[in-house]
Amino acid sequence: MSEQTFTLDGQEIPFATGQSVMQAALSAGVFIPHLCYHPEFRPHGSCKLCTVKINGRPATSCTTPAAAGLEVESDTQEILDKRRTLLQMLLVEGNHFCPSCEKSGHCKLQALGYELGVMTPHFNHFYPDRPVDASHPDVLLDFNRCILCELCIRASAEVDGKNVFALAGRGIGKHLIVNAESGKLGDTDFALTDKAAQVCPVGVILAKRQGFAVPIGQRRFDAAPISAHVDEFRPVAPQAGGKP
Amino acid sequence: MTAARKVRIATASLAGCFGCHMSLLDIDERLLDLLRLVEFDRTPLTDIKTLGTRGPCDIGLIEGGVCNAENVHVLREFRAHCKILVAMGACAVNGGLPAQRNHLDLRDILSEVYHTEAGLAHGGIPNDPELPLPLNEVHPIHEVVKVDYFLPGCPPSADAIWKFLTDLLAGRTPHLPHGLIHYD
C-alpha cells in the first residue's frame, strides 16, 4: 500500500487512516500551536489556536481528519497574525500575571506567546473578579488563569471517572466550576494523583508546597521554545480523529 | 558642519518598582557604548525633571502602569515629546502587580489599609493636596496613549534591553529571540 500524504506548507506529511491533520503533523515533527489539544484525549477544537487553512478554508487542524492531497497552510503571516490575536484575547480575558504565577516557565499559554512573539496584550484588559479555591489539602485552584480548554473536565470524566470539574454559564459568563454542593474542591474526592491534576496547560490547578521549586533557567520552556518540544505532543496511540 | 546629534532618550517610572531601570543599568559596561550613541533627557538617572527643554526626544522608555492622575500627566507629556514611546516591563505592558488590585473597590482598599487593618496606625486616608489621586483601576500604558513598542519582562533582562535598544538605534524593528522574550 502506498503511503498517504498531504502537504503542510509545501512539505509532504504522511498520515495513518483516522489521524487528524494535527496528529499527522506532530507525528512528522511539525509543530502546530495548540492549547486545548492533548495527545491522550479526543480533540476538542475550542481554543482555535491550531487553525490552519485547508484547501484555502480555515479549519481547526485538531478536528479535521487528514486526507490524501489536502493542501494545508499553517506557518503563514495571515495564520500567525490570527493566532497572535487569539492569544491576546485570552491574555486580556483572564488575569494572567506571569511574575507571580507558579506555572510561569511551564505554561503553554506563555510559551506560545513567546513562540509567536506576542509582545503586548493589545486589547483592553477585562481584569475579571475570579476566585481562588484553597480548600483542598494538596491542590490550589486559581480560576483567574482558566482558558476553558476543558482538559481537566475531560481527564476527570474520562480517565479518573470522577467528574470533578464542569463548565457553567454561557458566553463571556462561562466559567469552570467544581462539582460539589459547596463548590469547593476540598469537598470532592479529587486527588493530586488524578490525571485531571496533570493536564492544565496554564496555572489553574497547582500542587501545593511545590511553587517555584524549579529555578528560572531550568523550567520546561526556558531552554527551548515550545515548538522544539514537538515530541511531547505526538499521538500516544492510534485513535479516532474527527469530531468528539 | 555640525556633528550628528546624539539620539535623545527619556525614561520614567510610573506605577513601577524601578526594577526595569535597575535592569537598564544592569547592561553594565555596555552603558559606555550606549552613551556614545545616546544622551539622556528627563530620567531618574540624570535627575532632569522636565521633558523636551533640550529639544525633541527620540525615545521614551516608560516603566510601570498608570495608577494615579500624575501618571496620566507624565505619560501624556512623554507621548507629546517622544517620537518613539516604549512600554518597558510587565507593568507598562499589562499593568503588572499593581493591577492585581483592579477587581477590588478602591474605597475598600484604602479603608482596609488606613482604617480597619489590624496593626496599622489608623491615621486616616491621606488627603494631602500634594498627593496625586489614585485611579479606580491600574491601566497598562497602551490603554491611555499610543505606544510604539512593547518590551515585556519583570523586569526585561539587561540583555533584552540591550538587544531592544541596539536594534532600535540601528534602525531595525526590535526583535527578541527565545530566551530574551519573557513575561516574568
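**Helix pair in chain A**

Select residues 77-93 and 108-116 of chain A: these are helices α2 and α3, which pack at an angle of about 145° with their axes 10 Å apart. Helices (H or I, at least four residues) and strands (E, at least two) are DSSP runs, numbered from the N terminus. Axes are lines fitted to C-alpha atoms, for helices over the stretch in contact, and angles run from 0 to 180 degrees between N-to-C directions.

The model is predicted: local features need pLDDT of at least 70 and side-chain atom pairs count only at pLDDT 80 or more, while totals for chains, interfaces and linings use all residues. Residues are numbered from 1 along each chain as its sequence is written, and chains are lettered from A and ligands numbered from 1 in the order in which they are written.

With both helices selected, what is the handedness of the crossing of α2(A) and α3(A)? The crossing is left-handed, a term for a near helix turned anticlockwise from the far one by less than a right angle, with right-handed used if clockwise. Next, display the side chains of A:Leu80, A:Arg83, A:Arg84, A:Leu87 and A:Leu90, by which α2(A) makes the contact. On α3(A), the contact is made by A:Leu109, A:Leu112, A:Gly113 and A:Leu116. Two residues are in contact if their C-beta atoms, placed from the backbone, lie within 7 Å. Colouring by class shows 6 nonpolar, 1 polar and 2 charged residues in this contact; Ala, Val, Leu, Ile, Met, Phe, Trp, Tyr, Cys and Pro count as nonpolar, Asp, Glu, Lys and Arg as charged, and the others, Gly among them, as polar.

**Domains of chain A**

Colour residues 5-75 as domain 1 and 97-224 as domain 2; these bounds come from an automatic or database domain assignment. The C-alpha centres of the two domains lie 25 Å apart. Between them, 9 residues of domain 1 are in contact with 13 residues of domain 2. On the side of domain 1 that touches domain 2, there are 6 nonpolar and 3 polar residues, and no charged ones.

**Hairpin in chain A**

Select strands β3 (residues 51-54) and β4 (residues 57-60) of chain A, which pair in the antiparallel sense over 4 bridges. Strands count as paired if DSSP finds at least two bridges between them. A:Thr51 has A:Thr60 as its bridge partner in β4(A). Which residue takes a positive phi in the hairpin of β3(A) and β4(A)? A:Asn55 does, near 50°, in a hairpin with 2 residues between the strands. Add β5 (residues 71-73) of chain A, joined to β3(A) by 2 bridges and running antiparallel to β3(A); here A:Ile54 is partnered with A:Val72.

**Three-stranded sheet and A:Lys208**

The next selection is an open sheet of 3 strands in chain A, ordered β6-β7-β10 with antiparallel pairing. Strands β6 (132-133) and β10 are its edges, each pairing on one side only. The two bridges between β6(A) and β7(A) can be located from A:Asp133, which stands opposite A:Leu141 in β7(A).

Just after β10 (205-207), centre on A:Lys208. A:Lys208 is partly exposed, with 13 other C-beta atoms within 10 Å. A residue is buried at 20 or more such atoms, exposed at 12 or fewer, and partly exposed in between, with C-beta atoms placed from the backbone. Setting aside neighbours within four places in sequence, A:Lys208 is in contact with A:Asp138, A:Val139 and A:Leu140. A distance monitor from A:Lys208 to A:Leu192, 16 residues away along the chain, gives 9.4 Å between C-alpha atoms.

**Chain B**

Now show chain B, which has 6 helices and 7 strands. Its C-alpha atoms fill a box of roughly 65 × 40 × 30 Å along the principal axes, and 39% of its 184 residues count as buried.

Isolate the open sheet of 5 strands in chain B, in the order β2-β1-β3-β5-β7 with parallel pairing. Strands β2 (38-40) and β7 (149-151) stand at the edges with a single partner strand each, so one side of each has no neighbour in the sheet. Neighbouring strands are turned by 30° against each other on average, direction ignored. Within the sheet, 5 bridges join β1 (residues 7-13) to β3 (residues 57-63) of chain B, and B:Ile9 has B:Ile59 as its bridge partner in β3(B). Helix α3 (residues 69-81) of chain B packs on the sheet, touching β1, β3 and β5 (82-88), and its direction makes about 135° with that of β5(B).

**Where the chains meet**

Finally, display both chains: the contact takes 18 residues from chain A and 21 from chain B. The side of chain A that touches chain B has 9 nonpolar, 8 polar and 1 charged residues.
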